Amino acid sequence: MRRLWVQMRGMPVGKKVVLGIGNLLMKDDGIGVHAIRALEGRLSQDVELVDGGTAGCDLLPYMMGAEKIIIIDALKGGEPPGAVYRLTPEDCGEQYLEGTISLHDLGILVVLHDLALLEDKTPSVVIIGIEPKEISWGMELTSDVEKSLPKVLELVERELDKTDA
């Protein structure tokens, strides 16, 4: 653990990270990864795009030293398929200690909690969730979720342009 901490302390500070998570093999669950691929070449060089797949605590090194983190994932919130949600970890209440908002049990809120324990300053975090239609074998997104992709990309760009107080 000490060796990992020393390595992470050398990470650049002030970076912006866009993290797409999900399982590409499970249709709409892969929306976060599809979004990262669609963002390639669209953003400035100071933004780090991370294909987080279904990783858990392995994502910590990518988040260390970030001033802003945007997480894109499938999220069941009860709206029609393709609905786009914008949340903060605070909107999710105490789930970071009890469970997860991710469909594939990633526990991203637990990872964010661990990040806060490791760093002196908690970064600004926005979660962009997309209501899935189908979570089953297949690498393609359903049409409802695929249609929401431009809105997701626009929301990511707007969030990156915001300055946090």
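1. Helices and strands are named here as DSSP runs, numbered from the N terminus, with at least four residues for a helix and at least two for a strand. In these terms Met 139 sits in the loop between S5 and H6. The model under review is predicted.

2. The sheet. Five strands make up an open sheet, ordered S2-S1-S3-S5-S4, and their pairing is mixed. Its edges are strand S2 (47-53) and strand S4 (84-87), each of which pairs on one side only. On average, and with direction ignored, neighbouring strands of this sheet are turned by 20° against each other.

3. Pairing of S1 and S2. These two strands pair in the parallel sense, over 6 bridges. One point of reference for checking the register is Lys 16, whose bridge partner in S2 is Val 47.

4. Helix H2 on the sheet. H2 lies across S1, S2, strand S3 (66-74) and S5. Relative to S1, H2 runs at about 135°.

5. Salt bridges overall. The structure holds 8 salt bridges. The points below take up some of them, beginning with a pair that joins two loops.

6. Lys 27 and Glu 134. A salt bridge joins Lys 27 to Glu 134, with 3.1 Å between the closest N and O atoms. The two residues belong to distant parts of the chain, 107 residues apart. Lys 27 is in the loop between strand S1 (15-21) and helix H2 (31-39), while Glu 134 is in the loop between strand S5 (124-130) and helix H6 (143-161). Lys 27 counts as buried because its relative accessibility is 14%, under the 20% cut-off. Glu 134, at 31%, is partly exposed.

7. The network. Lys 27 and Glu 134 do not stand as an isolated pair: together with Glu 140 they are linked in a network of salt bridges.

8. Thr 142. This residue is placed in the loop between S5 and H6, and with 12% relative accessibility Thr 142 counts as buried. Neighbours within four places in sequence left aside, Thr 142 is in contact with Asp 28, Lys 133 and Glu 134. Glu 134 is thus listed both as a contact of Thr 142 and as the salt-bridge partner of Lys 27.

9. Arg 158 and Glu 154. These residues form a salt bridge whose closest N and O atoms are 3.4 Å apart. Both are in helix H6, and because they are 4 residues apart there, about one helical turn separates them. Arg 158 is partly exposed, at 46% relative accessible area. Glu 154 is also partly exposed, at 43%.

10. Lys 162 and Glu 159. In this salt bridge the closest N and O atoms are 3.3 Å apart. The partners fall into separate accessibility classes: Lys 162 is partly exposed, with a relative accessible area of 41%, whereas Glu 159 is buried, with 3%.

11. The nonpolar patch. Leu 25, Trp 137 and Met 139 form a nonpolar patch on the surface. Together they have about 390 Å² of accessible area. Of these, Met 139 lies in the loop between S5 and H6, the loop that also holds Thr 142.

Methods:
Residues are numbered from 1 along each chain as its sequence is written. This is a predicted model: local features need pLDDT of at least 70, side-chain atom pairs count only at pLDDT 80 or more; totals for chains, interfaces and linings use all residues. Side-chain values use heavy atoms; hydrogens and water are left out. A salt bridge is a side-chain nitrogen of Lys or Arg within 4 Å of a carboxyl oxygen of Asp or Glu. Buried means under 20% relative accessible area, exposed over 50%, partly exposed in between (1.4 Å probe, protein chains only). Two strands pair if DSSP finds at least two bridges between them. Axes are lines fitted to C-alpha atoms, for helices over the stretch in contact, and angles run from 0 to 180 degrees between N-to-C directions. Contact means heavy atoms within 4.5 Å. Patches are made of residues with over 30% relative accessible area and no salt bridge: like charges are joined within 9 Å, nonpolar side chains (Val, Leu, Ile, Met, Phe, Trp, Tyr) within 5 Å. Accessible areas come from the Shrake-Rupley method with a 1.4 Å probe; for residues, only the protein chains shown count as cover.
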